[in-house]
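Visitor: Could you take me through one part of this model up close? I'd like to hear about the enclosed empty spaces, and then how the open ones sit alongside them.

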Amino acid sequence: MPAVPTAVTTSLTQRIAVRARRGRYVLPLSICALYAVFQLVAAPQWTMFPDSYRYARAAEQHLGVSREEAHRTALAAFCVSRADRTAHDERLRPMEHASLPALRTTAEHACLKRWTDAPDITTGDPRYQAIFAGRPGYPLLAAPFVGAFGVLDGMWLLGLVLAAVGSLLVFGLLGRAGLNRRAAAVGQVAFLATPLGWWSAQALSEGLFTVCVLCVLWGGLLLLRRRSMAKGTALVALGYVAGGVTRYSSALVLAVVLGVAATWALCRGRSSRHRGTAVLAVSSAVAAGGVVAAIRILGLASSQATLQDTFTHHFETPEIADPWSELMGLAGRFAGDWIAQQAALPYFLVLTALAAWALARHGKGLGLLSLAAALTGACAVLAHPLVQEADRLGVLMWTPVVLGLPLVVDRHWSSVRVAGVPATEAAVAEVPVTEVAVAEVPVTEVEATETELRRTGAADAG
């Protein structure tokens, strides 16, 4: 009776598939767990920035605290964090013999004395405060963490979560692009090991905005490869909306750059001339138009205000007549200095060149998306060409490295497997993350299936 072995086979196959799907997440989650351990070891290197103080103050206000009390709470956390870092650095000086608690107490008291009666640790100018008032996304997300764990522990934990989520998005995005699990894991590790992971873990909006960008890229990949129109459009829309609430100026740049790239892809050739590319171009255009409309309707700080902030040192001096010409001059000088630094230590250029080659040869739409993200980071740096801020503002320039190097690993691994093993095994080795369930069937389960079939066949024969 053939029906019995068929039922047994189906049942066991279903159980094997379920176990394989569960095991699919072991590798990326293990990487996140290891990263969390590293962050615990690196805790003395984590500190709050001046912008972190403002985000913490806004988070406290979202929890219903008054502006004055929120200022005191955020300032206390900021001073503790800064005092810890100052004391840690001072203890590394060869001529410093004071104890760590004494150094910490002195630094904390000095910080509190300086800023307790001030409206802000930078400036209370309404024009400067308006720049941060238009970025409610990160403080809103931080509010439950701050309410549950306090400012310092809450914002540290949020940074850890955002960095881990960003790495998982990279792993999933590369899996959707057709890479095997090993190559996708390389991309996840690259994300956490580069400035993308470092800045995502800080108490700043970079982590949340990076997650938003990765959502847009994932949705864009689905649209460019005609995988799922509904899911791709939803991810793109979600990424743009969340990114606009987090940092509307950067979201505007991303939408413009990605919209232009998608339009160029539509006009370039027949392979990319389809509905998915058109949807990506239209979605980006709508997102850009929405941000521009929001700036005008809500009276959000414009690029003119941020330029005045840059060239008046937070409005401490009178506004200048032509900030754009000043920007062009400073951007030119900064570009020359940046090129000299990269030439002296060209690891970023080498990695980017290798990743760009891989994306151009094997990206199939991933290269276009990576380029859009990288140009968004480059535009942020050119709009604020400050040496001390360049690494943070240009962090998205690492996107091609994180998404391109795994392609090199994937191609190399595939070629090695094809050259060294039979064709059937090589085919299994190249199974992407999304199809890994079949490749992860345990040997014991297969043996159990064969044993059960033989037993059933013998019974039928008898």
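Guide: Sure, let's start with the second largest cavity, where α11 and α20 (399–420) each supply at least two residues of the lining. Bear in mind that this is a predicted model. The largest share of that lining, 3 residues, comes from α20. Going round the wall, you'll meet Val 170, Phe 191, Leu 196, Thr 210, Leu 214, Leu 396, Thr 399, Val 402 and Leu 403. By class that's 7 nonpolar, 2 polar and no charged residues, around about 50 Å³ of space.

Now pick out Thr 210 and Leu 396, because they take you to the next stop: both line the second largest cavity, and both also turn up in the lining of the largest cavity. That one holds about 70 Å³, and its lining divides into 5 nonpolar, 4 polar and 3 charged residues. The charged ones are Glu 206, Arg 247 and Arg 392. Here α11 (206–224), α18 and α19 are the helices that each give at least two lining residues. In total, the structure has 3 cavities of 30 Å³ or more.

Arg 392 is your way out to the open spaces. Besides lining the largest cavity, Arg 392 is among the residues closest to the centre of the largest pocket, along with Arg 135, Asp 309, His 384 and Leu 393. This pocket has a volume of about 1600 Å³, and its lining counts 25 nonpolar, 14 polar and 11 charged residues.

Technical notes
Residues are numbered from 1 along each chain as its sequence is written. This is a predicted model: local features need pLDDT of at least 70, side-chain atom pairs count only at pLDDT 80 or more; totals for chains, interfaces and linings use all residues. Side-chain values use heavy atoms; hydrogens and water are left out. On a 1 Å grid over the protein atoms alone, a cavity is a set of points where a 1.4 Å probe fits but cannot get out, and a pocket is an open set with protein on both sides within 12 Å along at least five of seven lines; lining residues have an atom within 4 Å of a point. Grid points are joined across faces, edges and corners, and a volume is the space filled by probe spheres set on the points. Helices (H or I, at least four residues) and strands (E, at least two) are DSSP runs, numbered from the N terminus.
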